[in-house]
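Here is a short, friendly tour to read alongside the model. Have the viewer open and follow along as we go.

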Amino acid sequence: MVLSDPAGCDILASLQHDVGRSPIMRMPHPARADRGPPDRRADTVAAPSPDHLRGRNTIVSLQYLRAVAAIGVVLFHQFQNILPSIQFFQHGVDLFFVISGFIMIALTDGRDIGPRHFYLDRLARIVPPYWAATALTVLLAAGGIFTPSVTDRSAGHLLASLLFIPAWGPGGHVWPTLYLGWTLQYEVFFYLIFGALLMLDSSRRLGVLSVLFGALVMLGAVWPPHTPALTVYTSPLLLEFLAGMLLGRLYGIRLNRMPGGWIAGATAALTAGFLLLVPFHHDLLFGAGAIFIVSAVLALERAGYMPRSRILLELGAASYAIYLFQQIAFDVTGRMIGKAADLSGLPVLATILLHPANVLAAIVLGLLMHRYLEKPLTEQTRIFLNLKPRGASQRMVGSNSAGRL
């Protein structure tokens, strides 16, 4: 689920090995001891799933959005100085944050999941690919390959980055060593808070988190933060996770929790609420857009109007890797095209081919890294942490449904 996620980056295949395909999706796991009896109320309120949703183990609409968001961020990084309108695509991050909130609440409502298991699962999903991307980028920079994604190679900054601790980067930005990881600082903070709330009854989690995130955002508005940690932990962007959680409560993991009219009305009210906050933080305009888009595609899938595309599903599954490794693809491709232009004596080649080739390279490298690095690393980490290995009957909606960058 890491709304890889710039999300997140989930960036989100959280808990992907623990939900079965039964109608109520019981979730046995090795950490039962850290929770009391499962809260089954959320399972009893759902109506039967529409025929076209029965048997599915993937919310394809969210997987498609992950693909669109990741590739949109890649396009933004390549064409922002050429096509001003392309800057809109940087807000794929907002989609990742809303999706992340949706998946977390939809998968845990009424299920027996404790903080320990949740944290270990998030660690296995998020940390290995991010550490690998950071290490590879630092090594390439040390070897003389120009990598603007390396903001600060000092040992202290690198350590803070690897531990998801916000730190100042160049220009006063709160950037980790691999600057693309800035979204993960928000994601990890959300996971830390949400995991702790798993000790509460599922009916209380959303309310408690609403009060907490609302208070943090108001604190940041009244007393502007002057430290990296408070800059992140009081950001209005936290409200996007909250909005995603509200959508998760409305739809449920089978997209059948509430009647369609209630969902439409609640989505309109939530979107309007974000728009009212735009004068205080203009980026919430894109949060409002993300809420509308996520709810719209979920409604289309719920109604049976969402076709399955293998390519988009694969791109969605690889969205975290596409996001994390895009800068490496840019640097390598840029050097190759530059040398080809010099050898051919046609410098115009670099002008014409560079940016489209960089986008294609980022997608291809992301797909390769997902298959041959991210997935094996995640599986081995899960084995090391003694988490249940993936089985054909244990894939969850989130394994191909949402993710964090």
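## Confidence

This is a predicted model, so a look at its confidence is a good place to begin. The protein chain has a mean pLDDT of 82, with 79% of its residues at 70 or more.

Two stretches call for some care. Over residues 1–46 the pLDDT stays under 50, and the model gives this segment 230 contacts beyond four places in sequence. Residues 390–405 also have pLDDT below 50, and there the model shows 108 contacts beyond near neighbours in sequence.

## Overall architecture

What secondary structure does the protein chain contain? It has 14 helices and zero strands. Following the sequence, the pattern reads α-α-α-α-α-α-α-α-α-α-α-α-α-α.

## Burial and surface

The protein chain has 405 residues, and 56% of them count as buried. About 17000 Å² of the protein chain is exposed, and carbon and sulfur atoms supply 70% of that area.

## A nonpolar patch

Which residues make the nonpolar surface patch of about 400 Å²? They are Trp131, Leu159, Leu163 and Ile165.

Leu163 is worth selecting in your viewer. You will find Leu163 in the loop between α5 (155–162) and α6 (182–197). Why does Leu163 count as partly exposed? Its relative accessibility is 48%, and the partly exposed class lies between the buried limit of under 20% and the exposed limit of over 50%.

Key. Residues numbered from 1 in each chain as written. Predicted model: local features only at pLDDT ≥ 70, side-chain atom pairs only at ≥ 80, totals over all residues. Heavy atoms only, no water. pLDDT = per-residue confidence, 0-100. Contact = heavy atoms within 4.5 Å. Patch = residues over 30% accessible without salt bridge, like charges linked within 9 Å, V, L, I, M, F, W, Y side chains within 5 Å. Areas by Shrake-Rupley, 256 points an atom, 1.4 Å probe, with all protein chains shown as cover. Salt bridge = Lys/Arg side-chain N within 4 Å of Asp/Glu carboxyl O. Helix = DSSP H or I, 4+ residues; strand = E, 2+ residues; numbered from the N terminus. Buried < 20%, exposed > 50% of the residue type's maximum accessible area, 1.4 Å probe, protein only.
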